[in-house]
Amino acid sequence: MASQDWFEKDFYAILGVPKDADEATIKKTYRKRARTLHPDQNANDPKAEARFKDIGEAYAVLSDPQQRQEYDQVRAMTHGGARFTAGGPGGGGFQDLFGGMFGGPGVRFSTSRGGREEADLQDLLGGLFAQGGAGGYPGGYAGSRGPRKGPDVQARTTLGFRQAVSGDTVTLTTGEGGSVTTRIPAGVKDGQKIRLRGKGHRGEPGGESGDLILQVAVEPHPVFGRDGDHLTVDLPVTFAEAALGATVAVPTLTGEQVRVKVAPGTPSGRVLRIKGRGVVTPHGTGDLLAKVQVVVPQRLTDAAREALEKLRVDEDGVDPRAELFVRSKE
């Protein structure tokens, strides 16, 4: 709030209290009017919102004894409490007013531009209204600090894997014993931070609330993993399916099954891509990546063992590790 407002606005009338009101009356009146004019109680009413801000500005000044004293002095200047003249015999000039305010006749003022160097009115007012280094305003006036935004709040929450991928509405308990209900967007990642506007600590009277900075931890899933916007899954296939080829079923996070073709001779570790079955985000949809895992049988029937023995004979002289040893010498 600029100090110019102190000349133009009657904060006592805005708040609805007499000029001699004590601190308790000012506080009680502000709370009562703030509850009535709060934006939450007056949705889509810009006039009520403007009045709410006005009483917040008024309370910020009148509830501070030092600012209230300075405000009263400023208002006295402009409403009959003092007369401004160019000075001279018999006239109450600037020096009469400000000399009393600043402790004596040592400061003098002049409305002329020529002659001796004397203190400038704007310089004086700038010093009068400066509040601990507050920023200046055009014309030499410095502004008093307006209502401050409330501080942000840091919080953590843990989501299930499915909640994080699909999005969910959660209710969080605040440190003050309250609760905040918010929508977690689809596709949130482990460790990601979400800013919830206006869900932090309350600001000073007339100031907006701070934000809630929510850090999300995502629990692992027993089947699915995450690679950016892609979902991953290990797909077990039998030796025969990998060697001879097959069409097999693959689970999805939605509970449906999709079928994918395993080409003959597919090795363990090959990734099969299923389009559009990954994480849905505002920027696009990922894929489901199925990584083939060839399952080695733990028990063999006599027929299976006999077949594998024949296969070993057929592969006699074939060394699948030969290239590995050659490349190891590079």
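User: How many salt bridges does a search of the whole structure find?

Analyst: Side chains of opposite charge can pair when their charged atoms come close. The structure here is a predicted model. A search through the whole of it gives a count of 14 salt bridges.

User: Which residue forms a salt bridge with Lys 149, and is that residue buried or exposed?

Analyst: The partner of Lys 149 is Asp 211, with the closest N and O atoms 3.5 Å apart. Lys 149 has 41% relative accessibility and counts as partly exposed. Buried means under 20%. Asp 211 stands at 2% relative accessibility, so Asp 211 is buried.

User: How many residues apart are Arg 195 and Asp 211, which meet in a salt bridge?

Analyst: The N to O distance in this pair is 2.9 Å. Arg 195 lies in strand β6, while Asp 211 is in the loop between β6 and β7, so the salt bridge ties together parts of the sequence separated by 16 residues.

User: Where does Asp 287 lie, the residue whose side chain meets that of Arg 273 in a salt bridge?

Analyst: The two side chains meet at 2.9 Å, N to O. Arg 273 is in strand β12, and the pair ties together parts 14 residues apart in sequence. Asp 287 is buried at 8% relative accessibility, whereas Arg 273 is partly exposed at 47%. Asp 287 lies in the loop between β14 and β15.

User: Which residues do salt bridges that share partners join into one network?

Analyst: Asp 211 forms a salt bridge with Lys 149, and the side chain of Asp 211 also meets that of Arg 195. Through shared partners, the network consists of Lys 149, Asp 152, Arg 195, Arg 197 and Asp 211.

Methods: Residues numbered from 1 in each chain as written. Predicted model: local features only at pLDDT ≥ 70, side-chain atom pairs only at ≥ 80, totals over all residues. Heavy atoms only, no water. Salt bridge = Lys/Arg side-chain N within 4 Å of Asp/Glu carboxyl O. Buried < 20%, exposed > 50% of the residue type's maximum accessible area, 1.4 Å probe, protein only. Helix = DSSP H or I, 4+ residues; strand = E, 2+ residues; numbered from the N terminus.
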